[in-house]
Amino acid sequence: MQFERTGIILFTYNYDACVAFYTEILGLPVLFTKDEGDTQLTCCEYSGAYLMIETGAPEGCYRKSMAQNPTKLRFNVDDVETAAKKLEAKGIKLERGVYAWGTIANFVDPDGNLCSLRDQKTFGVETAS
């Protein structure tokens with residue numbers, strides 16, 4: 001099977017806040033938007049894929065549990081600490097972690113969906129066990 005494009009559809013309760021978060025805070029470029037009565041969506045470029053932010057999710061919490069949403073949106077960056085400081089300057093709270101396999105900084109969007117920065121240089125590099 002050959003796929004033409006891949007993407008993620010993220011149903012949100014706080015649609016406007018999530019669109020602002022992904023486009024203004026994280027800087028994802030908008031590909032297109034649609035407003036069709038009860039349904040609103042904004043589709044963003046997501047490093048060769050797309051992230052479609054859409055209305056329709058139930059009200060969430062600050063950080064959804066794995067049972068509520070067993071997904072994490074990952075953003076690989078050159079330098080996690082530099083990227084984390086830029087997000088903190090915009091009011092985003094992060095939890096950092098340094099592991100044998102790489103460095104991460106977790107944060108949540110306005111709907112409580114887990115997101116993470118990860119260092120690109122060690123992505124896919126094998127570590128000794």
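**View 1. Tyrosine 99 and its ring partner, tryptophan 101.** In this predicted model, tyrosine 99 counts as partly exposed because its relative accessibility is 43%, a value that falls between the limits of under 20% for buried and over 50% for exposed. Tryptophan 101 is likewise partly exposed, with a relative accessible area of 37%.

**View 2. Aromatic pairs in the structure.** Four aromatic pairs are found when the whole structure is searched. In one of them, tyrosine 46 and phenylalanine 75 meet edge-to-face, with 5.3 Å from centre to centre and 85° between the planes. Because tyrosine 46 belongs to strand β3 (residues 39-46) and phenylalanine 75 to strand β5 (residues 72-77), this pair ties together parts that lie 29 residues apart in sequence. Both tyrosine 46 and phenylalanine 75 are buried. The rings of tyrosine 99 and tryptophan 101, by contrast, are stacked, because their centres are 4.9 Å apart and their planes stand at 5°.

**View 3. A cluster of rings.** Phe21, Tyr22 and Phe107 are linked into a cluster by ring pairs.

**View 4. Cysteines without disulfides.** A search of the whole structure finds zero disulfides. Cysteine 44 takes part in none, and the nearest cysteine sulfur, which belongs to cysteine 43, is 6.8 Å away. Cysteine 44 counts as buried because its relative accessibility is 0%. For cysteine 115, the closest cysteine sulfur is that of cysteine 18, at 8.9 Å, which is too far for a bond, since a disulfide requires the two sulfur atoms to be within 2.5 Å. Cysteine 115 also counts as buried, because its relative accessibility is 0%.

Note on methods: Residues numbered from 1 in each chain as written. Predicted model: local features only at pLDDT ≥ 70, side-chain atom pairs only at ≥ 80, totals over all residues. Heavy atoms only, no water. Buried < 20%, exposed > 50% of the residue type's maximum accessible area, 1.4 Å probe, protein only. Phe/Tyr/Trp six-rings, centres within 6.5 Å; stacked < 30°, edge-to-face > 60°. Helix = DSSP H or I, 4+ residues; strand = E, 2+ residues; numbered from the N terminus.
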